[in-house]
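Visitor: I would like to learn how to read charged pairs and surface patches in a model. Could you walk me through one?

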Amino acid sequence: MDLTGALFDAFTLPFMARALLVLVLLSLVAGLVGVLVNLRGLEFISDGLTHAVFPGIAVGFVWGGRDGLFVGAMVAALIAAVVLTLIVRRAVSSDAAIAIVFTAMFSIGIIVVSRQTNYVGQLEQLLFGRLLTVSVTEVVQAAVICGVALLLVSFTLKQQVFRAFDHSGSAAAGYRPLVLDIVLNVAIALVVVAASNAVGNLLVLAVLIVPGAFARLVTTRLWLLFPIAAGFAVLAAWFGLAVGYAASVNAGIDLPSGATVVLVLVAGYAVALLARLAVDRFTGRSARQPLRARR
């Protein structure tokens with residue numbers, strides 16, 4: 001089976017269809033949340049949340065297996081989102097404080113998993129996911145979590161964009177920065193929870209960051225950023241899964257599905273970056289610097 005055939009025929013298999021459905025759900029919500037992360041320059045906080053949620057994932061997995069994973073991750077996500085929001089607002093050096101918190105939390109997760117007999121296998125599963133063995137129940141759980149995250153951001157989208165570009169102006173207009181920050185960080189944490197079981201804790205950051213960064217290279221129109229980011233993430237998920245399947249069937253090469261999707265995301269971003277630089281050079285404009293709204 002060639003790649004063209006794999007793009008369509010592979011997804012007639014139930015396990016491939018479930019994997020694609022999970023990634024489409026993640027792509028839609030991460031496209032929206034990821035653009036806000038990019039506009040606010042919150043990539044490091046997003047990284048901190050992925051690590052801070054890991055102990056909850058580990059405890060839930062050890063306590064209840066795959067059924068307990070979402071519960072543990074959800075509790076840890078909500079706590080981590082609130083704590084990191086308060087740290088950023090109160091800490092003298094927020095980056096250092098975030099780094100300390102997420103390294104401590106990640107270490108706790110490693111210690112919890114290390115108490116189990118199949119330490120290496122369980123750790124690999126939690127870190128890198130198991131996209132091709134996602135069950136129907138887990139697809140439903142991911143859909144519910146993504147839906148909650150999407151609603152949180154959608155209801156506050158205009159305020160979030162205002163907050164991203166003009167912190168003082170949004171506060172003067174009556175919006176509460178602390179509330180908006182907590183809502184966004186909770187949405188980020190929920191995306192981490194929904195994605196961790198599929199693509200793994202270490203790879204979820206790419207799903208959050210790369211589509212938004214890609215959209216910033218493609219358009220300067222604010223409201224086009226969101227559909228472009230989501231659409232790019234969906235296409236990368238579809239193509240990445242197909243590449244992994246074709247490599248396995250045709251060449252006997254077992255490519256990790258989650259990592260393959262991430263590499264396709266990064267490759268797409270690299271192509272867009274080169275094209276953007278070429279267009280800027282051809283038109284005589286200097287390469288555009290990404291806008292960084294104040295936190």
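**Reading salt bridges and a patch**

Guide: Gladly! Let us begin with one pair: Arg40 and Asp181 form a salt bridge, and their closest N and O atoms are 3.1 Å apart. Please keep in mind that this is a predicted model.

Visitor: Which parts of the chain does the pair of Arg40 and Asp181 tie together?

Guide: To read this, find the element that holds each partner. Arg40 belongs to helix α2 (residues 14-40) and Asp181 to helix α10 (residues 177-199), so this salt bridge ties together parts that are 141 residues apart in sequence.

Visitor: Are Arg40 and Asp181 buried or exposed?

Guide: The general idea is a cut-off: a residue counts as buried when its relative accessible area is under 20%. Arg40 has a relative accessible area of 4%, so Arg40 is buried. Asp181 has 7%, and is therefore buried as well.

Visitor: What other salt bridge does Asp181 form?

Guide: Asp181 also pairs with Arg163, with the closest N and O atoms 3.0 Å apart. Arg163 lies in helix α8 (residues 157-165) while Asp181 lies in helix α10, so this pair ties together parts that are 18 residues apart in sequence. Like Asp181, Arg163 is buried.

Visitor: Which residues are linked in a network of salt bridges?

Guide: When reading such a network, look for a residue that appears in several pairs. Here the network links Arg40, Arg163 and Asp181; Asp181 forms a salt bridge with Arg40 and another with Arg163.

Visitor: How many salt bridges does the structure hold?

Guide: There are 3 salt bridges. One of them joins the side chains of Asp280 and Arg276, at 2.9 Å from N to O.

Visitor: Where do Asp280 and Arg276 lie?

Guide: Here the thing to check is the spacing along the sequence. Both residues sit in helix α13 (residues 257-283), 4 residues apart, which is about one turn of the helix. Asp280 is buried at 1% relative accessibility, and Arg276 is buried with a relative accessible area of 15%.

Visitor: Let us turn to the surface. Which residues make the nonpolar surface patch?

Guide: For a patch, read the contributing residues together with the area. Val59, Trp63, Val71, Val75, Ile79 and Val83 make a nonpolar surface patch of about 600 Å².

Visitor: Where is Trp63 placed, and is Trp63 buried or exposed?

Guide: Trp63 is found in helix α4 (residues 54-90). The cut-off for exposed is over 50% relative accessible area. Trp63 has 68%, so Trp63 counts as exposed.

Definitions and conventions
Residues numbered from 1 in each chain as written. Predicted model: local features only at pLDDT ≥ 70, side-chain atom pairs only at ≥ 80, totals over all residues. Heavy atoms only, no water. Salt bridge = Lys/Arg side-chain N within 4 Å of Asp/Glu carboxyl O. Helix = DSSP H or I, 4+ residues; strand = E, 2+ residues; numbered from the N terminus. Buried < 20%, exposed > 50% of the residue type's maximum accessible area, 1.4 Å probe, protein only. Patch = residues over 30% accessible without salt bridge, like charges linked within 9 Å, V, L, I, M, F, W, Y side chains within 5 Å. Areas by Shrake-Rupley, 256 points an atom, 1.4 Å probe, with all protein chains shown as cover.
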